[in-house]
Structures are given as C-alpha cells and as structure tokens.
Amino acid sequence: MTPPPGSLLTAENLRKAYGPTLALDGAGFSIHPGEVVAVMGPSGSGKSTLLHCLAGIVPPDSGSILYDGADLATMSDARRSALRRSDFGFVFQFGQLVPELTCVENVALPLRLNGTSRKEAERAALAWMQRLEVDDIGRKRPGEVSGGQGQRVAVARALVTEPRVLFADEPTGALDSLNGERVMELLTDAARSTSAAVVLVTHEARVAAYSDREIVVRDGKSRDMERAV
Amino acid sequence: MSIGHTLLGLLESGPRHGYDLKRAFDEKFGHDRPLHYGQVYSTMSRLLKNGLVEVDGIEPGGGPERKRYAITDAGVTDVQTWLATPEKPEPYLQSTLYTKVVLALLTRRDAADILDTQRAEHLRLMRILTDRKRKGDLADQLICDHALFHLEADLRWLELTAARLDKLAEVVVK
Ligand SMILES: Nc1ncnc2c1ncn2[C@@H]1O[C@H](COP(=O)(O)OP(=O)(O)O)[C@@H](O)[C@H]1O
Ligand SMILES: [Mg+2]
C-alpha cells in the first residue's frame with residue numbers, strides 16, 4: 001500500500017468481525033499531521049472499531065494500517081504498546097480517570113508511566129490544566145468535579161505527552177451543548193498548537209463542525225466525503 | 001421544490017399522460033398541496049420546449065390532457081444532475097430533500113448517496129459558522145448558533161431518513 005503523500009496514519013481495506021457481526025467491511029482512513037478528521041455515522045456503524053484499529057488497540061482481521069511508515073499489523077505487541085504510550089493520546093466518552101487519584105495526578109499519570117519524575121510530571125500537568133481552564137481543581141478527585149471539568153481533565157491527560165495523534169471517541173457525548181462546545185474549542189486549539197492529528201469519532205454534526213473534513217462510516221464501510229464530492 | 005424535475009423523475013419509469021402525472025405527483029408528494037392541472041400543462045410545455053420530454057402519443061379527442069409524454073435522454077441527464085447536486089443549506093428544505101429521496105428510490109438510484117452529499121454540504125456551512133463563532137463576539141455567537149441548530153435539525157432528519165431508507169423504499173416502490 002502507498003499512503004497518500006504526507007499522511008501520518010493511513011489504513012486500507014480494514015475488515016473486522018466479532019463473531020457473525022462484520023464491524024468493519026473494507027473501511028479506509030487517512031490523516032495528515034495537524035489535521036482534525038471527523039468519523040461520522042450512525043450508532044453501530046463501526047466508528048469505534050475503526051478508531052480502535054487505527055490506534056493499534058484492536059487488530060483487524062485483514063487490511064493494513066501504516067503509521068509514520070511502519071505497519072501496525074505486523075509490529076510486535078511490545079512495540080505497539082510503546083508506540084501507543086509515546087505517540088498516541090486518548091479521550092473517551094467517560095470513565096477514564098482513575099477515581100483514587102487527584103485530577104492533577106491523573107493528568108500527570110502518562111508522564112509518570114514514561115518515567116518522568118513526579119515533580120516534573122505535575123508541573124507539566126498543571127500547565128495543560130491551565131490551558132484547559134481546570135487548573136483550579138487540581139487537588140480534587142474525579143468524583144468531586146462536574147462532567148465538563150472531568151472531560152477537560154481527560155483532554156489534558158491525553159495531551160500531556162504531546163502525542164502526534166489524538167484519538168477522541170464521542171468526547172462530548174456525555175456533556176450538555178455549552179460544555180461540549182467549550183471542550184471541542186479547547187481540544188482543537190490545543191491539538192492545533194502542537195500539530196497533533198485528531199481522529200474525532202462523533203455522530204453529532206455540531207461536534208463534527210470543529211473538524212477539517214469528515215469521513216462517513218456506514219455498515220462497516222467508510223466514505224471519504226472530500227474525495228467523493 | 002422543483003415541480004419540473006419531479007414530473008421529469010416520475011416520467012423515468014415510463015411515458016404518462018398529463019392527468020396521470022398529476023395523480024402520481026399528488027399521491028407521492030402533494031399531500032398538503034395538490035398540483036393544479038394548469039401547473040402540469042405549463043410545466044410540461046416548458047419541458048417540451050427545452051427538449052427534456054417529447055410527445056409519445058396523442059389520444060383522439062384533442063385537448064392538452066390527451067398528450068402522452070416520454071422523457072428524453074436529455075431529460076434523464078437533467079434529473080440525474082438535479083439529484084446529484086446538493087441543495088443550498090437553508091431552513092425548510094425538507095420537502096425538496098424528501099422529494100429527491102423518494103424519486104431516487106423510485107428510479108432505483110442510490111438514495112443514501114444523496115443524503116451523504118447533502119450532509120457534506122451542510123457540514124461545509126456548519127464549519128464556516130463554527131469558525132465565525134469562535135472568532136466573533138457574543139452577538140455573532142448567538143446568531144451563528146441559531147443557524148447551526150437549524151442545520152443540525154436538518155441533518156438529524158437526514159440521518160433518520162437514511163436509517164429508514166429500506167422501509168421507505170418498500171412504501172414508495174409499490
Ligand atoms: N467487542 C465487541 N464484541 C462484539 N461485538 C462488537 C464489539 N465491538 C463492537 N461490536 C459490534 O460491531 C458493530 C460496530 O460497533 P462499533 O464500532 O462500536 O460502532 P459505533 O462506534 O459506530 O457505534 C456493532 O454491531 C457492535 O455491536
Ligand atoms: Mg462507538
């Protein structure tokens with residue numbers, strides 16, 4: 001497979017079955033550094049499965065995934081996990097913060113796991129929390145903050161390692177529109193400032209409107225609307 | 001909504017008389033406002049003049065309602081272009097979009113494709129408004145939000161319709 005010139009992450013012809021369910025049926029994807037691409041489509045169409053394959057979390061049954069010239073499918077598990085920690089960031093709809101840790105400890109966690117000292121990690125964590133306007137709740141635990149605040153903490157945690165690709169699966173799905181939009185503004189601003197590529201899974205058009213372009217997934221097949229029109 | 005394109009689309013499945021066209025139109029699209037005969041005949045004479053339909057036969061007895069119309073190749077191309085071109089996003093589009101989807105199903109074209117193309121067009125405008133909102137003051141934000149919510153409502157309708165295409169096809173193509 002030859003990826004489009006300049007692309008950071010490219011997938012072709014992905015198939016993935018769960019028992020009798022064909023979650024992906026020939027889906028493709030491509031993203032450039034600094035680009036925000038929305039993955040749209042109805043519930044159950046295969047959006048999350050596509051994201052999990054692209055991020056090396058779930059292996060596809062067939063098809064290829066090239067990240068920065070390397071094939072995720074043939075890479076060793078150890079190398080893939082290392083890549084996820086160093087190059088990828090993740091934001092999900094909910095349930096991703098460790099309830100026993102304070103917010104600032106949560107944000108610092110990925111750096112701690114990479115071997116950064118506690119002091120250095122928490123300094124960087126606070127800087128990211130400031131950008132996401134939640135530095136005032138650093139000492140609180142996730143159970144003590146609002147949904148919107150918790151989601152901003154999760155975004156800060158995803159960005160603290162300055163990943164080259166941010167994977168966001170319905171990041172505003174549990175928020176009201178005002179909070180959801182602020183999270184999208186902050187998330188896309190922060191990603192653009194570090195030239196991170198963002199894979200944004202959403203079924204909401206107003207969230208997708210923060211992207212540069214969209215692909216549509218239906219019945220496990222993807223359609224790149226820019227190339228289609 | 002374009003009556004000309006709709007009548008043309010109805011002719012794709014075979015030649016029809018004017019009164020037959022009116023009946024088909026009213027049944028499928030004219031629930032709240034049936035066509036007048038005058039509208040049918042003025043539309044058909046315009047289509048005839050533009051070469052999009054031709055007279056396929058005339059029943060004895062005279063009068064315009066006796067003409068049987070058939071679509072021409074140029075007419076088929078015209079319907080195709082209309083269906084493939086997304087509508088400019090604006091409020092109260094649903095009757096046009098509904099007509100396009102039903103006609104696509106009737107003529108065995110890809111109705112999901114029309115919806116995808118329209119979604120892309122709506123999103124294009126929503127990106128512009130979102131960007132304006134980000135850079136604007138509170139007044140800009142509120143004005144853009146109003147437009148964004150309307151566009152979103154259109155899109156939700158489109159998604160719902162896309163999810164029901166199989167059912168709609170059963171009802172329409174009977
Ligand atoms: N771990 C799993 N086990 C079994 N079926 C799954 C699993 N993950 C997803 N699926 C099925 O695959 C299809 C696609 O799911 P998913 O990718 O989550 O869709 P989406 O994110 O668009 O809602 C669905 O039919 C879903 O039920
Ligand atoms: Mg999902």
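## A helix across the chain A sheet

Let's start in chain A, where helix α1 (residues 47-54) lies across β1 (9-18), β2 and β4. The direction of α1(A) runs at about 60 degrees to that of β2(A). Please keep in mind throughout that this is a predicted model.

The strands beneath this heading belong to an open sheet of four, ordered β2-β1-β4-β5 in chain A and paired in the antiparallel sense. At its edges stand β2 (21-31) and β5 (70-71) of chain A, each pairing on one side only. Strand β4 (residues 62-67) of chain A is joined to β5(A) by two bridges, and these strands run antiparallel. If you would like a residue pair to look at here, A:Leu66 has A:Asp71 in β5(A) as its bridge partner.

## The three-stranded sheet of chain B

Chain B has an open sheet of three strands in the order β1-β3-β2, again with antiparallel pairing. Both β1 (16-17) and β2 (53-58) of chain B have a single partner strand, so one side of each is left without a neighbour in the sheet.

Follow β2(B) to its partner, β3 (residues 67-71) of chain B, and you will find five bridges linking the two in an antiparallel pair. Within this pairing, B:Val55 sits opposite B:Tyr69 of β3(B). Helix α3 (residues 37-49) of chain B packs on this sheet, touching both β2 and β3 of chain B. The direction of α3(B) makes about 115 degrees with that of β2(B).

## Where the two chains meet

Now for the interface. The size of an interface is often given as the accessible area lost when the parts come together. Chain A and chain B bury about 1700 Å² between them, with 51% of that area on carbon and sulfur atoms. Chain A brings 20 residues to the contact, and chain B brings 18 residues.

Charged groups have a part here too: seven salt bridges are counted between chain A and chain B. One of them joins the side chains of B:Glu152 and A:Arg206, at 3.0 Å from N to O. The polar contacts between the chains come to ten residue pairs, counting those with both residues at pLDDT 80 or more.

## The chain A side of the contact

Which elements of chain A supply at least two residues each to the side that touches chain B? They are α6 (177-193), α7 (205-208) and β9 (213-218). Of the elements in chain A, α6(A) gives the most to this side, with five residues. By class, the side of chain A that touches chain B holds ten charged, eight nonpolar and two polar residues.

Methods. Residues numbered from 1 in each chain as written. Chains lettered and ligands numbered in written order. Predicted model: local features only at pLDDT ≥ 70, side-chain atom pairs only at ≥ 80, totals over all residues. Heavy atoms only, no water. Pairing = 2+ DSSP bridges. Contact = heavy atoms within 4.5 Å. Axes fitted to C-alpha atoms, helices over the stretch in contact; angles between N-to-C directions. Buried area = accessible area lost by both parts, 1.4 Å probe. Salt bridge = Lys/Arg side-chain N within 4 Å of Asp/Glu carboxyl O. Polar contact = N/O pair within 3.5 Å; in protein donor to acceptor, adjacent residues only side chain to side chain. Nonpolar A, V, L, I, M, F, W, Y, C, P; charged D, E, K, R; others polar.
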